[in-house]
Amino acid sequence: MAGESAAQRVRNAARAAAIAGLSTTRSPKRETGWVRFPYYHHVFDDERSGFERQIRYFKNIGEIVGIDDAIDMIASGAPIDGRYLCITFDDGFKNWIENAVPILASEGAVAAFFVATGYIGTDLQRDRERLLAFYDEGDRLMEFLTWEDCRTMTGAGMTIGSHSEGHVHLKDLSDADAMAELKRSRDVIERETGAPCRHFCCPFGRAGIDYDPARHPGMARDAGYASFLTGHRGANRKGASPFDVRRDHFLANWGNYQLRYFLGD
Ligand SMILES: [Zn+2]
């Protein structure tokens with residue numbers, strides 16, 4: 001339900017605002033519209049009620065939109081007339097389909113889920129050593145989704161995006177290897193889900209540390225992606241680049257005051 005009518009309203013509002021900007025002598029003032037990208041890694045069992053409360057909070061302060069609409073809004077360069085939230089998840093954990101997706105569905109909301117494709121379908125016992133290496137610290141193993149789970153999610157209106165194949169630091173790779181990460185991950189997502197994979201979310205996400213802003217966003221565009229999402233906080237306002245998307249990391253058990261601190265305007 002959030003899909004078509006919301007997207008249409010967004011486009012109409014953007015068009016109306018553009019026309020208003022041309023036909024009046026508005027004094028220059030601060031652009032108040034934005035698209036924000038809350039991002040999560042997990043929703044554990046004991047975080048369900050917190051996550052549900054957060055989704056309701058987002059609906060209260062703005063409108064939740066899918067990533068295609070969010071990126072189109074940014075890429076259009078038109079004024080952003082309102083507050084739009086595009087919920088995103090990184091890595092590919094099983095608790096997404098167990099906890100996050102049912103809550104999103106019951107709230108009439110959608111989200112984009114970025115999977116490190118090389119870890120989809122791994123087994124906690126069989127692939128223990130690889131999974132231990134996924135994080136730099138700790139020995140708490142998290143189960144990953146299967147491709148069947150991913151198909152169930154796209155069937156529920158969710159978007160699957162690429163978070164690379166091996167959850168790599170792009171900056172450590174040759175251009176050829178980085179391009180292979182971009183393309184192979186997209187190809188397997190499209191083959192397994194039957195849905196287009198248009199969006200890339202950079203693992204770790206820090207410019208100059210994990211990726212080279214002069215090379216990798218352009219490579220993602222060359223590979224056919226419509227966006228490059230980072231780990232840098234902040235609002236995406238009129239004039240922002242879809243290849244330098246800012247996001248706000250949240251934990252699903254945070255209180256509303258913590259959301260307000262990062263989203264408050
Ligand atoms: Zn990640």
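A residue counts as buried if 20 or more other C-beta atoms lie within 10 Å of its own, exposed if 12 or fewer do, and partly exposed in between, with the C-beta atoms placed from the backbone. Keep that in mind for helix 3 (residues 67-76), where Ile67, Asp69, Ala70, Ile71, Met73 and Ile74 are buried. Helices and strands here are DSSP runs numbered from the N terminus: H or I over at least four residues for a helix, E over at least two for a strand.

Before going on, a word about what you are looking at. This is a predicted model, so local features need pLDDT of at least 70 and side-chain atom pairs count only at pLDDT 80 or more, while totals for chains, interfaces and linings use all residues. Residues are numbered from 1 along each chain as its sequence is written. As for pLDDT, it is the predictor's confidence in each residue, on a scale from 0 to 100. The protein chain averages 90, and 86% of the residues score at least 70. One stretch to treat with care is residues 19-27, where pLDDT stays under 50 and the model has two contacts beyond four places in sequence. A contact means that the C-beta atoms of two residues, placed from the backbone, lie within 7 Å.

Now the overall picture. The protein chain has nine helices and ten strands. Of its 265 residues, 40% count as buried. Take the contacts between residues at least 6 apart in sequence: 74% of them join residues at least 24 apart.

Let's go back to helix 3 and look around it. Aspartate 72 also sits in helix 3, but this residue is partly exposed, because it has 19 other C-beta atoms within 10 Å. Its C-alpha atom is 8.8 Å from that of alanine 226, although the two are 154 residues apart along the chain. Methionine 73 makes a similar link: its C-alpha atom and that of alanine 240 are separated by 9.9 Å, with their places 167 residues apart along the chain. Alanine 240 itself is in the loop between strand 9 (227-229) and strand 10 (248-249), and it counts as partly exposed because it has 19 C-beta neighbours inside 10 Å. Right after helix 3 comes glycine 77, with a positive phi near 75 degrees.

Next, the strands. Two strands pair if DSSP finds at least two bridges between them. Strands 1, 4 and 3, in that order, form an open sheet with parallel pairing. Its edges are strand 1 (34-36) and strand 3 (63-64), each of which pairs on one side only. Strand 3 and strand 4 (residues 83-85) run parallel and share two bridges; in one pairing, isoleucine 64 has leucine 85 of strand 4 as its bridge partner.

Further along, strand 5 (residues 87-91) pairs with strand 6 in the parallel sense over five bridges, and isoleucine 87 has alanine 111 of strand 6 as its bridge partner. How enclosed is strand 6 (residues 111-115)? Five of its five residues are buried, so the rest of the structure largely encloses it. Ala111, Phe113 and Val115 cover one side, with Ala112 and Phe114 on the other. On to strand 7, which runs parallel to strand 6 and is joined to it by four bridges; here alanine 112 stands opposite threonine 159. Strand 7 (residues 159-162) is covered on both faces too, with Thr159 and Gly161 buried on one side and Ile160 and Ser162 on the other.Two loop residues are worth a stop. Histidine 167 lies between strand 7 and helix 7 (175-193). Its phi is near 55 degrees, a positive value in a residue other than glycine. Histidine 167 is buried, because 21 other C-beta atoms lie within 10 Å. Phenylalanine 204, in the loop between strand 8 (199-201) and helix 8 (216-222), has a positive phi of about 70 degrees without being a glycine.

Finally, a pair of helices. Helix 2 (residues 48-61) and helix 4 (residues 95-106) pack at about 35 degrees with their axes 10 Å apart; axes are lines fitted to C-alpha atoms, for helices over the stretch in contact, and angles run from 0 to 180 degrees between N-to-C directions. Arg48, Phe51, Glu52 and Ile55 of helix 2 meet Asn99, Ala100, Ile103 and Leu104 of helix 4.
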